[in-house]
Structures are given as C-alpha cells and as structure tokens.
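Subject: Structure for you to look at

Hello,

Here is the structure I said I would pass on. Please open it and keep it in view while you read the notes below.

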Amino acid sequence: MNTAMIKELRERTGVGFGDCKRALVEADWDMDRAVEIVRAQSGAKAERKADRTASEGLLGLALEGDSGAIVEINVETDFAARSDKFAGFVERAVSHVLDRGADGIAAALEEDRQALVQEIGENVNVRRAACLDASGGVVAGYLHQDRKKGALVCLDGGDSELARDVAMHVTAMRPLVVAPEEVPADAVEKERAIYVEQAAEEVAKKQQHSKRAMPPSVLERIADGIVTGRVRKFLAESSLVEQPFVKDASTKVGELLSAAGARCTAFERFEVGEGLE
C-alpha cells in the first residue's frame with residue numbers, strides 16, 4: 001500500500017481515505033486513472049442522491065468595488081451545512097459569481113459539486129445566485145450571523161454605511177420591490193380579489209347589525225373604501241421605500257434615502273430554503 005499516493009489523491013479530489021485506496025487499487029496505482037475513477041464515482045453518487053430534498057444550507061456574499069454577489073447553496077442537513085468543506089464550496093461559488101456573473105453557475109461548479117456529494121454523503125444543490133452592479137454607485141450587503149438570510153443593495157448616491165443599513169433592512173423586512181409602482185399588476189389584482197371578498201362579508205355583517213337598512217350605494221362606497229385602503233396598505237408593506245426603517249420606525253426608508261441624496265436602484269434578498277418543501 002502506497003500511503004503517499006493515497007494522501008496525494010485525497011488532496012487532489014477531497015474524498016475519503018478508503019475511496020482513494022480503492023480507486024488506486026482499481027487503477028493499478030496509476031494516479032491519473034485513479035483521479036478519473038474518483039470523479040466518475042462522484043458523478044454516480046451525486047446522481048443517486050439528486051432526488052433527495054436539500055433544504056438546509058448557507059448563503060454566500062461577496063463584494064468588490066461597485067459589484068456584489070450572493071448565492072444560495074443547499075444541502076440535506078444543518079450538520080453538513082456547518083462543515084468546513086461545505087462552507088468552502090459556498091465561498092468558491094460566490095467568488096465565481098462575483099468574477100463571472102450568475103449565468104451558468106450550476107454547470108460551472110458541477111464537477112466540484114459532485115466531489116462534495118461524494119465527500120459529505122449528502123445531496124448538494126446550487127440553487128440560485130445573483131450579481132448586482134452599482135454602475136458607479138454604491139453596493140453593499142448584509143449577511144445574518146447564521147448565514148441563512150441576507151441581501152445585496154445598490155444605491156445611486158449615499159455611502160456604503162447607508163447601503164449596508166438598507167441591506168440589513170431588506171434582510172429583516174422582506175420588501176418585494178423598491179417602490180409601490182413596481183409591484184406586478186397580477187399580484188395587486190390577486191390581493192384586490194381577496195379584499196373584495198373580505199369587504200363584502202364585512203359590509204354584510206355591518207348591514208345585519210344596523211338598526212336601519214343602508215342603501216346599496218352606501219354599502220358599495222363602504223366596501224370600495226375598505227378595498228382601496230387595504231390595497232394601499234399592501235403596496236406600502238411590499239415596497240422598500242414605504243416601509244418604516246428597521247432601525248428607526250419613525251422614518252420611512254424612502255425618507256432616509258432622500259435625506260442622504262440617494263435612491264435604491266436594485267436589491268436582492270435570499271433566505272435559505274425559502275419556497276422549498
């Protein structure tokens with residue numbers, strides 16, 4: 001048994017001692033053939049585990065100049081997510097996105113992903129990634145201590161401290177868009193339909209408990225008022241600039257930005273496992 005060759009193969013592939021020894025024996029102690037065997041085994045193992053749900057994991061966040069990147073990498077258990085090997089893969093992933101953009105990240109990291117599956121024995125999923133360019137403005141990010149929630153923010157104007165505060169706010173308060181007019185029309189109509197049903201029920205109850213019957217036109221105006229108010233509230237709660245700032249509820253984020261002569265041009269918010277079964 002050549003322990004030095006086993007050690008070299010481990011360093012080159014990252015897989016365990018036993019797997020390296022078996023690959024070298026199968027390859028008749030030819031290092032290049034052994035590497036190919038390990039990689040083939042990694043691919044087969046990754047394919048067998050591909051259907052297993054991976055909803056734990058970590059976020060990676062990286063900043064450089066006026067660009068920022070964020071990634072979500074999933075794994076099956078929180079125990080595996082806390083391992084140094086998994087964390088290292090996340091860091092390589094976010095560095096790749098920062099350098100080359102988010103397109104094609106899964107394909108670019110597939111070989112490394114397969115090797116990691118072989119090493120930790122769990123399914124690993126490169127779920128999503130985003131890269132923001134502030135185009136001469138300011139980009140900042142915030143990553144929660146557990147690396148499960150985080151955000152990137154781009155500002156036109158302001159400084160990195162303000163941008164980081166806004167990223168912290170986005171992480172905590174989950175806005176959908178920057179401003180109310182950016183909320184998709186279908187989302188607004190879906191909410192409006194719910195409010196119309198609620199308003200009809202509330203007006204009917206009000207009529208039942210009233211000592212005198214109210215004209216249909218009055219009931220309609222009451223219902224319309226309820227719907228309009230709730231749609232306005234939905235738009236405000238969904239929009240970054242209309243939300244009370246997380247560090248000072250007496251100030252809206254839009255007011256905070258305006259006072260600094262800044263505006264938010266884009267943001268990305270990720271949370272591990274969000275939307276997964």
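Which residue in S5 does Gly141 stand opposite? The residue is Leu152. Before going further, please note that this is a predicted model, and the values below are computed from it.

First, the chain as a whole. The protein chain has 277 residues, and 42% of them are buried. Its secondary structure comes to 11 helices and 8 strands. Take the contacts between residues at least 6 apart in sequence: 65% of these join residues at least 24 apart.

The sheet

Gly141 and Leu152 face each other across a pair of strands, S4 and S5. Strand S4 covers residues 138–143, and 5 of its 6 residues are buried, so the strand is mostly covered. Strand S5 runs from 149 to 156 and is joined to S4 by 6 bridges, with the two strands antiparallel. The two strands form a hairpin with 5 residues between them. In this hairpin Arg147 has a positive phi, near 60°.

S5 also pairs with S8, again in the antiparallel sense, over 8 bridges. One of the bridge pairs is Lys149 with Glu271, the latter being in S8. Together these strands give an open sheet of 3 strands, in the order S4-S5-S8. S4 and S8 (263–271) are the edge strands, each pairing on one side only. From one strand to the next, the twist averages 15°. Helix H8, residues 160–173, packs on this sheet and touches S4, S5 and S8. The direction of H8 makes about 45° with that of S4.

When you look at the strands, one general point may help. In a regular strand, side chains alternate between the two faces of the sheet.

Helices H9 and H10

H9 (residues 185–209) and H10 (residues 216–238) pack with their axes 8 Å apart, at an angle of about 140°. The two helices are therefore oblique to each other. Their crossing is right-handed. On the H9 side, the residues in contact include Ala187, Val188, Tyr195 and Lys206. On the H10 side, they include Leu219, Ile222, Arg230 and Phe234. Sorted by class, this contact has 14 nonpolar, 2 polar and 5 charged residues.

Helices H5 and H7

H5 covers residues 84–100 and H7 covers residues 110–120. Their axes come within 11 Å and cross at roughly 170°. That angle makes H5 roughly antiparallel to H7. The residues that meet are Lys85, Phe86, Phe89 and Arg92 in H5, and Asp112, Arg113, Leu116 and Glu119 in H7. By class, the contact has 3 nonpolar, no polar and 5 charged residues.

One residue of H7 is worth finding on your screen: Ala115. Is Ala115 buried or exposed? Its relative accessibility is 19%, and the cut-off for buried is under 20%, so Ala115 counts as buried. Ala115 and Val38 are 77 residues apart in sequence. In space, the distance between them is 8.3 Å, from C-alpha to C-alpha.

Those are my notes.

Regards

Methods
Residues are numbered from 1 along each chain as its sequence is written. This is a predicted model: local features need pLDDT of at least 70, side-chain atom pairs count only at pLDDT 80 or more; totals for chains, interfaces and linings use all residues. Side-chain values use heavy atoms; hydrogens and water are left out. Axes are lines fitted to C-alpha atoms, for helices over the stretch in contact, and angles run from 0 to 180 degrees between N-to-C directions. Helices (H or I, at least four residues) and strands (E, at least two) are DSSP runs, numbered from the N terminus. Angles under 35 degrees count as roughly parallel, over 145 as roughly antiparallel, 65 to 115 as roughly perpendicular and the rest as oblique. A crossing is left-handed if the near helix is turned anticlockwise from the far one by less than a right angle, and right-handed if clockwise. Contact means heavy atoms within 4.5 Å. Ala, Val, Leu, Ile, Met, Phe, Trp, Tyr, Cys and Pro count as nonpolar, Asp, Glu, Lys and Arg as charged, and the others, Gly among them, as polar. Buried means under 20% relative accessible area, exposed over 50%, partly exposed in between (1.4 Å probe, protein chains only). Two strands pair if DSSP finds at least two bridges between them.
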